[in-house]
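Student: I should like to learn how to read the pockets and cavities of a protein model. Could you guide me through them, beginning with the pocket linings?

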Amino acid sequence: MKTFDLGGKVAIVTGSNTGLGAGMAVALAAAGCDIVGVSRAGASDTPARVEATGRRFADVRADLASTAPVDDIVRAAIEAFGRVDVLVNNAGIIRREDALAFTEDDWDAVMDVNLRSVFFLSQAVARQFVKQQRGGKIINVASMLSFQGGIRVASYTASKSGVLGLTRLLANEWAIHGINVNAIAPGYMATANTAALRGDVQRNDEILARIPAGRWGAPDDLAGPVVFLASPASDYVHGHTLAVDGGWLAR
Ligand code: NAP
């Protein structure tokens with residue numbers, strides 16, 4: 001199954017210090033990638049987990065609340081490993097409030113990290129891909145709220161619905177350069193992002209009752225999908241948002 005082999009490739013993963021980003025960084029390393037891990041605070045076991053696979057880890061600190069660091073992230077990747085082959089736009093935040101009370105701060109904070117920086121980091125990395133003339137893979141992290149409305153998460157739904165549309169647009173423009181732009185839409189995954197939901201017994205039971213697989217997802221559930229979308233196995237897959245949701249959307 002050589003088409004799934006990522007040996008010698010370099011992947012930038014944002015928000016790699018925890019949760020789904022950590023899981024995807026380790027999975028890409030296990031498939032052969034050196035990892036450029038982008039995080040605000042660092043301090044996690046991701047570098048050790050990546051290095052345990054035999055691959056290298058470059059630690060890049062950046063706050064994606066603004067687009068200021070995007071060129072530095074690409075520069076740091078080139079300085080560390082000489083090339084970039086994969087970008088995983090995973091960093092994301094959520095704010096919960098009734099739409100009637102939703103503030104501009106809760107709107108802007110989420111849109112800036114989840115959509116604005118996703119676009120401008122993708123642009124910076126795609127410019128590098130074009131320069132390298134070897135194509136590349138961009139994998140955005142969408143959500144069930146790319147397909148559904150949700151409740152009390154206005155900016156999150158707007159941003160993740162935007163991620164789905166942007167994935168299609170970028171695929172249309174960049175396929176000609178050999179760049180695949182796709183997204184993974186995780187279902188309900190057990191991470192810090194959903195700790196409050198899981199802590200609410202009633203919501204937890206309601207959610208579990210709707211998941212055909214009968215359990216919350218885990219970061220490891222994204223390992224196969226992210227390796228597929230990063231590898232030559234997906235070379236003819238463009239603009240697709242792949243739900244990894246235990247069957248939630250099929251219900
Ligand atoms: P998480 O555990 O809260 O991790 C979020 C990651 O994003 C962290 O690494 C965080 O870094 C990083 N991040 C947030 N703001 C940032 C900023 N301004 N600059 C740089 N990095 C920043 O959440 P998760 O569940 O793993 O979520 C990862 C992605 O999956 C997000 O895009 C989320 O929307 C999406 N998602 C999650 C679920 C789920 O059920 N968990 C479902 C669908 C989609 P810090 O640690 O420094 O804050």
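Tutor: In this predicted model, the elements that each supply at least two residues to the lining of the largest pocket are α1, β2 (34–39), α4, α5 and α7 (201–210). By class, that lining comprises 25 nonpolar, 15 polar and eight charged residues.

Student: How much space lies in the largest pocket, and which residues are closest to its centre?

Tutor: The largest pocket holds about 1,200 Å³ of space. It is lined by 48 residues, of which G92, I93, I94, Y156 and N193 are the closest to the centre.

Student: What takes up space in the largest pocket?

Tutor: The ligand does: the space it takes is the largest pocket. Two elements, α1 (19–30) and α5 (154–174), give two or more residues each to the shell around the ligand.

Student: How should I read that shell, and which of its residues come nearest to the ligand?

Tutor: One may begin with the closest residues and then turn to the classes. There are 28 residues around the ligand, and N17, R40, D63, Y156 and T191 come nearest. The shell consists of 14 nonpolar, 11 polar and three charged residues.

Student: Which polar atoms of the protein lie within 3.5 Å of N or O atoms of the ligand?

Tutor: Such pairs are read as polar contacts, and 3.5 Å is the cut-off. Three examples follow.
- N17 places a polar side-chain atom 2.5 Å from an oxygen atom of the ligand.
- Y156 has a polar side-chain atom 2.7 Å from an oxygen atom of the ligand.
- A65 takes part through its backbone, where a polar atom is 3.3 Å from a nitrogen atom of the ligand.

Student: How much of the ligand does the protein bury?

Tutor: One compares the ligand alone with the ligand in place. Alone, the ligand exposes 880 Å², and the protein buries 90% of that area.

Student: Let us turn to the second largest pocket. What is its volume, and how does its lining divide by class?

Tutor: The second largest pocket has a volume of about 180 Å³. Among the 14 residues that line it, K9, R134, G135, G136 and K137 are the closest to its centre. Its lining has three nonpolar, five polar and six charged residues.

Student: A pocket is open; what of the enclosed spaces, and how many cavities of 30 Å³ or more does the structure hold?

Tutor: A cavity is a space in which a probe fits but from which it cannot get out. The structure holds two cavities of 30 Å³ or more. In the largest cavity there is about 40 Å³ of space, while the second largest has a volume of about 30 Å³.

Student: Which residues line the largest cavity?

Tutor: Its lining is formed by T14, L64, N89, A91, V113, S117 and V118. Helix α4 (residues 104–132) gives the largest share, three residues. By class there are four nonpolar, three polar and no charged residues in this lining.

Student: And which residues line the second largest cavity?

Tutor: The second largest cavity is bordered by N89, N90, A91, N114, V118, N140, V141, K160 and V163. At least two of its lining residues come from each of α4, β5 (136–141) and α5. The classes here are four nonpolar, four polar and one charged.

How values were computed: Residues are numbered from 1 along each chain as its sequence is written. This is a predicted model: local features need pLDDT of at least 70, side-chain atom pairs count only at pLDDT 80 or more; totals for chains, interfaces and linings use all residues. Side-chain values use heavy atoms; hydrogens and water are left out. A residue is near a molecule or strand if one of its heavy atoms lies within 4 Å of it. A polar contact is a pair of N or O atoms within 3.5 Å; within protein, one must be able to donate a hydrogen and the other to accept it, and residues adjacent in sequence count only if both atoms are side-chain atoms. Accessible areas come from the Shrake-Rupley method with a 1.4 Å probe; for residues, only the protein chains shown count as cover. On a 1 Å grid over the protein atoms alone, a cavity is a set of points where a 1.4 Å probe fits but cannot get out, and a pocket is an open set with protein on both sides within 12 Å along at least five of seven lines; lining residues have an atom within 4 Å of a point. A molecule sits in a cavity or pocket if more than half of its atoms lie within 2 Å of its grid points. Helices (H or I, at least four residues) and strands (E, at least two) are DSSP runs, numbered from the N terminus. Ala, Val, Leu, Ile, Met, Phe, Trp, Tyr, Cys and Pro count as nonpolar, Asp, Glu, Lys and Arg as charged, and the others, Gly among them, as polar. Grid points are joined across faces, edges and corners, and a volume is the space filled by probe spheres set on the points.
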